[in-house]
Amino acid sequence: MQTTTTPGAMLKAMREKPPLVQCITNYVAMNIAANVLLASGASPAMVHAAEEAAEFAGIASALTINIGTLSTQWIDGMQAAAKAATSAGKPWVLDPVAHYATAFRRNAVADLLALRPTIIRGNASEIIAMAGGESRGQGVDSRDPVEQAEGSARWLAERQRAVVAVTGAVDFVTDGEKAVRIEGGSALMPQVTALGCSLTCLVGAFAATAPEDIFGATVAALATFAIAGEEAALGAAGPGSFSWRFLDALAALDPETLDARARISAA
């Protein structure tokens, strides 16, 4: 039996058997998220309509839900897909984009949390607010450091029985018991729209590849992003050239390099 215990082994397994990932994401993120999955070795499907979202979730290997551009119709599709994924035993990831900004968003996320996401990925402000704390977030931007959200992430992981990933300058992942930090990436990454949303989709792809190790799969996805970000920044003159270099870096990243360069430490 092939081991998938390291980020590199998971990346290798994903490319050998590309998972179909249903990405219910926002209008801004659809193109880059699909390209990120393709470059990494997974297969994206942007299926959100309530009329087919549930049926498709039964076909897909994993589901990701991002609330960036909400509407009532999209919420119906999100809920139907989440219920179907859970029923089929498929992992699903919640990205609660700026959920604290309006009552509409807060209510939508509360309903989705009740459907028990397998993984929650957000920035520090989103995770702090989700745990009931006071965040300094403004719109989709985090104004809080990741380290300030670590306690909130641990609490949320225990309460939801989910893996929680807080992404930023140094990422933090916890399942409520164990926790790690992942270093890497580039300061240019927050200047490229929807990279965080794309990371959520990649987390879903890794979770589909290693559903027996959701914590490890989440860490592997974040480590992959971190190393690709470092590599893309080497020749980038700014966010524009970084964007296409990042896709190239994802496609070129091999399992051995990922394992050799990933900087993952216990937290």
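Where is A210 found? Keep that question in mind while the whole chain is on screen, because A210 is found in the loop between α8 and α9, where helices (H or I, at least four residues) and strands (E, at least two) are DSSP runs numbered from the N terminus.

**Before selecting anything**

This is a predicted model, in which local features need pLDDT of at least 70 and side-chain atom pairs count only at pLDDT 80 or more, while totals for chains, interfaces and linings use all residues. Residues are numbered from 1 along each chain as its sequence is written, and side-chain values use heavy atoms, with hydrogens and water left out.

**The whole chain**

Show the protein chain as a cartoon, and you will find eleven helices and nine strands. Its radius of gyration (taken over C-alpha atoms) is 17 Å, close to the 18 Å from the globule rule (2.2 Å times the number of residues to the power 0.38) for 267 residues, so the chain is as compact as a globular protein of that length. Along the principal axes, the C-alpha atoms fill a box of roughly 40 × 40 × 35 Å.

Now colour by accessibility: of the 267 residues, 56% count as buried, where buried means under 20% relative accessible area, exposed means over 50%, and partly exposed lies in between (1.4 Å probe, protein chains only). The chain exposes about 10,800 Å², and carbon and sulfur atoms supply 53% of that area, which comes from the Shrake-Rupley method with a 1.4 Å probe. Among contacts (heavy atoms within 4.5 Å) between residues at least 6 apart in sequence, 68% join residues at least 24 apart.

**Helix α2 and its cover**

Select residues 30-40, which form helix α2, and look for I32, A33, A34, V36, L37, A39 and S40, which are buried. What covers these buried residues includes α1 (7-16), β1 (20-24), β2 (43-45), α8, α9 (214-233) and α10 (239-252). Stay in α2 and pick N31, which counts as exposed at 59% relative accessibility. Measured in sequence terms, a long step leads from here, since N31 and A267 are 236 residues apart in sequence and 34 Å apart in space, C-alpha to C-alpha. Just after α2, select G41, which takes a positive phi of about 115 degrees.

**From A194 into helix α8**

Which residues does S198 touch, leaving aside its neighbours within four places in sequence? Select S198 in helix α8 (residues 195-209), and you will find it in contact with I32, A33, V36 and F225. S198 counts as buried, with a relative accessibility of 0%. A polar atom of its side chain lies 2.8 Å from the backbone oxygen of A194.

Move next to A194, which lies in the loop between β8 (179-183) and α8 and counts as buried at 10% relative accessibility. The phi of A194 is near 70 degrees, a positive value in a residue other than glycine. Most residues other than glycine have a negative phi.

**A second positive phi, at R161**

Select R161, in the loop between α7 (150-160) and β6 (163-167). R161 has a positive phi of about 55 degrees although it is not a glycine. Is R161 buried or exposed? At 66% relative accessibility, R161 counts as exposed.

**Helix α9 and the loop before it**

Return now to A210, in the loop between α8 and α9, where this residue is buried with a relative accessible area of 0%. Draw a distance from A210 to L199, eleven residues apart along the chain, and the C-alpha atoms turn out to be separated by 16 Å.

Then follow the chain into helix α9 and select T224, which is buried with a relative accessible area of 2%. Leaving aside neighbours within four places in sequence, T224 is in contact with L202, F206, L250, L253 and L258.

**Helix α4, and a last look at charge**

Select D76 in helix α4 (residues 72-87), a residue that is partly exposed, with a relative accessible area of 41%. The C-alpha atoms of D76 and H48 are separated by 8.9 Å, and the two residues are 28 apart along the chain.

Finally, colour the charged side chains: the protein chain has 19 positive and 26 negative ones, and the centres of the two sets lie 2 Å apart. In that count Lys and Arg are positive and Asp and Glu negative, while His and the chain ends are not counted, and the place of a charge is taken as NZ of Lys, CZ of Arg, CG of Asp or CD of Glu.

Conventions
Polar contact = N/O pair within 3.5 Å; in protein donor to acceptor, adjacent residues only side chain to side chain.
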